[in-house]
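Trainee: I'm new to this one, so could you walk me through how to read a few of its features? Let's take them one at a time.

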Amino acid sequence: MGRVLTYAGAVAVPLGAGVLLHLWGSWSLRSPLGTPTALAVLVGLVLAGLAAAAHNALFREGGSVLALVLLLAGLGAVWIEARDSRVRGATVECVVAGKVRVTDHPTFGEGAPQPKRLYHHPLDCPGGYPKEFAWEEKLGDTGKQLTIAYDPARRMDPVPAAENVARGSLVVPAVLLLLAAALSVTAVALEGTGERVW
């Protein structure tokens, strides 16, 4: 019976931790309560730490180091997916209220990203937010109406409403966590044989 529970734990820890972290990340980063990003990340790190501790507690002979690395990488990928699946919860119709200002942001060093040019649009929006909107292309001159998507809790920068789409994908985190579970199950099966899964 104990062996069956260990096998079940080897599967449940990575997959369960991934589901819990995704639920927490999705809720906290979209919550109408305005959960601060720092608190969301801190709780996410605590969940990842508990998952790593639970993983290590499953094994008498140390388990698989690679499974632990895959578990942590998978949980990191879950967090990135939860972040990228966010959408801003509100839109507002604004008018460009003045001259669009341009700033250039050069980058330095070999392999650096391309320099970035930002167009700063002064806005007149109902409720007064956002007052200015920076984007990588000019969206219009004075008097142009823009639909802006924003997070009422102001945890994310505003974007044009057309760009307010979820970009996350569960494929990479799911593969990493399934591999972690498979290696953990293999490590449990090999306990007592003198062989190890790295």
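**Reading the features, one by one**

Trainee: Let me start with a single side chain. How is Arg117 classed, and what is its relative accessible area?

Mentor: Arg117 has a relative accessible area of 41%, so it counts as partly exposed. The scale calls a residue buried under 20% and exposed over 50%, with partly exposed in between. One thing to keep in mind throughout: this is a predicted model.

Trainee: Got it. Which residue does Arg117 form a salt bridge with?

Mentor: Its partner is Asp104, and the closest N and O atoms are 2.7 Å apart. Arg117 sits in strand β3 and Asp104 in strand β2, so to speak two distant parts of the chain linked across 13 residues. Asp104 is partly exposed as well, at 48% relative accessibility.

Trainee: How many salt bridges are there?

Mentor: The count comes to 4. One of them joins Arg101 and Glu132, with 3.3 Å between the closest N and O atoms. Because Arg101 belongs to strand β2 (residues 101-105) and Glu132 to strand β4, this pair ties together parts that are 31 residues apart in sequence. Arg101 is partly exposed at 42%, and Glu132 is partly exposed at 40%.

Trainee: What about Lys116, which residue does its side chain meet in a salt bridge?

Mentor: That's Glu136, at 3.6 Å from N to O. Lys116 is in strand β3 while Glu136 is in the loop between β4 and β5 (145-150), so parts 20 residues apart in sequence are tied together. Here the classes of the partners are worth reading one by one: Lys116 is partly exposed at 41%, and Glu136 is exposed at 52%.

Trainee: Let's step back. What pattern does the chain follow along the sequence?

Mentor: It reads α-α-α-β-β-β-β-β-β-α, which adds up to 4 helices and 6 strands. Of the 198 residues, 40% are buried. Looking at contacts with a separation of 6 or more, 68% are between residues 24 or more positions apart.

Trainee: Next, disulfides. How many does the structure hold, and which residues form it?

Mentor: The structure holds 1 disulfide. Cys94 and Cys125 form it, with their sulfur atoms 2.0 Å apart. You can also read a handedness: the angle about the S-S bond is 115 degrees, and the link is right-handed. Cys94 is in strand β1 (residues 90-96) and Cys125 in the loop between β3 (116-124) and β4 (132-135), so many words for a link between distant parts of the chain, 31 residues apart.

Trainee: Are those two cysteines buried or exposed?

Mentor: Cys94 is buried, and Cys125 is too.

Trainee: And aromatic pairs, how do I read those?

Mentor: A pair of rings is described by the distance of the centres and the angle of the planes. The count here comes to 3 aromatic pairs. Take Trp24 and Trp27: the ring centres are 5.7 Å apart and the planes are at 40 degrees, so this pair is tilted. Both lie in helix α1 (residues 2-30), 3 residues apart, about one turn of the helix.

Trainee: What does the pair of Tyr129 and Tyr150 look like?

Mentor: Those rings are edge-to-face, with 5.7 Å from centre to centre and 70 degrees between the planes. Tyr129 is in the loop between β3 and β4 and Tyr150 is in strand β5, so the pair ties together parts 21 residues apart in sequence. Tyr129 and Tyr150 are both buried.

Trainee: Which residues form a nonpolar patch on the surface?

Mentor: Leu39, Leu42, Val46 and Leu50, with about 370 Å² of accessible area together. Leu50 lies in helix α2 (residues 37-57) and is exposed, at 54%.

Trainee: One last residue. Which residues is Pro160 in contact with, leaving aside its neighbours within four places in sequence?

Mentor: They are Phe133, Trp135, Leu139, Thr147 and Ala149. Pro160 lies in strand β6 (residues 159-160), and at 12% relative accessibility it counts as buried.

Conventions. Residues numbered from 1 in each chain as written. Predicted model: local features only at pLDDT ≥ 70, side-chain atom pairs only at ≥ 80, totals over all residues. Heavy atoms only, no water. Disulfide = S-S within 2.5 Å. Buried < 20%, exposed > 50% of the residue type's maximum accessible area, 1.4 Å probe, protein only. Patch = residues over 30% accessible without salt bridge, like charges linked within 9 Å, V, L, I, M, F, W, Y side chains within 5 Å. Areas by Shrake-Rupley, 256 points an atom, 1.4 Å probe, with all protein chains shown as cover. Contact = heavy atoms within 4.5 Å. Phe/Tyr/Trp six-rings, centres within 6.5 Å; stacked < 30°, edge-to-face > 60°.
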